[in-house]
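I opened my notebook for a friendly look through this structure. My plan was to look up a pocket, the nonpolar cores and a sheet.

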Amino acid sequence: MSPRFSVPAPEATGPFVLGLDVGSGGSRAALYDATGREVGRRHHKVEHAFTTASDGTSVIDADQIVAELTVAIGAVLGGFAEPVAAIGVDTFASSLVVVDAAGEPLTPCITYADTRCREQSAALRAELGEETLAELHDATGARMHSSYLAPRLRWLRETAPDVVSRAARFMALGEFVAHRMLGTPVLGTAAAAWGGMLERRTGAYAPRLLEAAGIAAEKLGAPTDPADGPALAGTPLAARFPQLADARWVPVIGDGLAANIGIGATGEDAWGISTATSGAIRVLLDTDVPRLPTGLWAYRVDARRTLVGSAMSDCGRALDFARTTFGVPDELFAGPGIEELLCAAPSADTPLVVPFLSGERGTKWRDGARAIYAGVSAATTPEELLRGSMEGLALSFLRIADQLREIGGAPRRIALSGGMTGFVPSWLQILADALDAPVEHVDVSRSTMRGSALLALEQVPGTDAAPAPVLRRVEPVAGRADHYRERLARYEALADLA
């Protein structure tokens, strides 16, 4: 289990901030002190799960999330008398809640994993054409893909016109949370950018995408930078929790940005890698990216910063799939067997896996792609299929890393966190070998929530966050990178068939 980077309550120093985090598995809150460490055991999680279906549905009730966060905040602040200076919020990215004129939701929260708009995504790509798509990618930093807002809005217009006709606002989940808790919807610039329609250089919605989606800009929230969040005085949330009377609300950000901040991957030469249900590599830049490689996204954070990187829908999910589907013995993970399997020298006989269980995002963004397991024979063991799956994940990261190197060269530091790696830390050897670079495992529990808290601390004078501890640094083994380069060429050929 990941350690909690915490300080005993008697030793904690103010000012204090709250971190709120909404992930795919639950809603969380925690109290942090001026050093960016959790205060004692003041953290709380309410578990949940998305409702999914074979047609690509992936939703959750938005008011359920508000209720969960309210419970979590109450648990964290119960018996705590000190004032809280700010609240930082992150949620899973690319979410949508349609709200009517009375502020009531007309739809559940449609999550990033919902692919029901894949046909509309394909239609928009055909309508706009390659030249316009390239221009839009450069302007917004986002590709045309089912995880983004434009095809989702087109899908709603075509499949639920009654909902669209009654819609007063199209909100991101964190914006809806603010709407309920504060009485005012507040949309963070970073969360707006994650919808794929915000121009990364200007902070305005792209007119061509508004036209393609059939929506007026006024029905989308105005992007608000972290420093411009509202005061909580006079809000329903402050009335319920007096400790928040003088606090500020830092507008919602996506979990990817929060993860980078939470593990300290914030310089232009520092990459942050996440290995949860999904996975990503990201770098936070203070400079413009004049030419964005085709497989990357670039999301505006504020007037100064941009988050650049790419993601995969299946990371920990690919591990879980291999374990359960191929019958990998549980005993393997309880002893030295898993380290022996994953730290061994690579073999040409290992199955080659393209782990697109939920479609492809980075680097070619093909919604309908599916996983491929190649080089499998009657003699292939469950353990070899597991090794191949972990190598496939490393290759997925490598193809993203190659494009990141195009804009910034080799990183000075690669920091990594995530529940998947916490479960099988020995897989870091495969990743370091494939990237041909050292990887530092920063295993702070819920780095995304810490990131939202650190962003809140940025807005509070007199704070100085402590660096997150590094549990292990894994060096690449000389000579293994060539093997993975050869595997990557074959991986890409298979991915084109997926």
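My entries follow, one topic at a time.

**Before starting.** I note that this is a predicted model.

**Pocket.** I looked up the second largest pocket and found a volume of about 430 Å³. Its lining has 27 residues, and I wrote down the ones closest to the centre: Ser58, Ala113, Thr115, Arg317 and Ser358. I then sorted the lining by residue type and got 14 polar, eight charged and five nonpolar residues.

**Cores.** Next I turned to the largest nonpolar core, which holds 109 residues. Which members touch the most others? I found Met197, Leu237, Leu244 and Trp249. Helix H1, residues 62–77, supplies the largest share of this core with eight residues. A second core, separate from this one, has 56 residues, among them Leu285, Ile400, Leu404 and Leu435.

I picked Leu237 for a further look, leaving aside its neighbours within four places in sequence. Leu237 is in contact with Leu244 and Trp249, and also with Ile73, Ile87, Met181, Leu182 and Leu232.

**Sheet.** I traced an open sheet of three strands, ordered S5-S6-S9, with antiparallel pairing. Why do S5 (51–52) and S9 (109–110) each have one side without a neighbour in the sheet? Both stand at the edges with a single partner strand, so one side of each is left free of a sheet neighbour.

I also checked how S6, residues 58–60, is joined to S9: the two run antiparallel and share two bridges. For Ile60, I found that the bridge partner in S9 is Cys109.

Terms used:
Residues numbered from 1 in each chain as written. Predicted model: local features only at pLDDT ≥ 70, side-chain atom pairs only at ≥ 80, totals over all residues. Heavy atoms only, no water. 1 Å grid on protein atoms, 1.4 Å probe; cavity = no way out; pocket = protein on both sides within 12 Å on 5 of 7 lines; lining within 4 Å. Points joined across faces, edges and corners; volume = space filled by probe spheres on them. Nonpolar A, V, L, I, M, F, W, Y, C, P; charged D, E, K, R; others polar. Core = buried A, V, L, I, M, F, W, Y, C linked by side-chain atoms within 4.5 Å. Buried < 20%, exposed > 50% of the residue type's maximum accessible area, 1.4 Å probe, protein only. Helix = DSSP H or I, 4+ residues; strand = E, 2+ residues; numbered from the N terminus. Contact = heavy atoms within 4.5 Å. Pairing = 2+ DSSP bridges.
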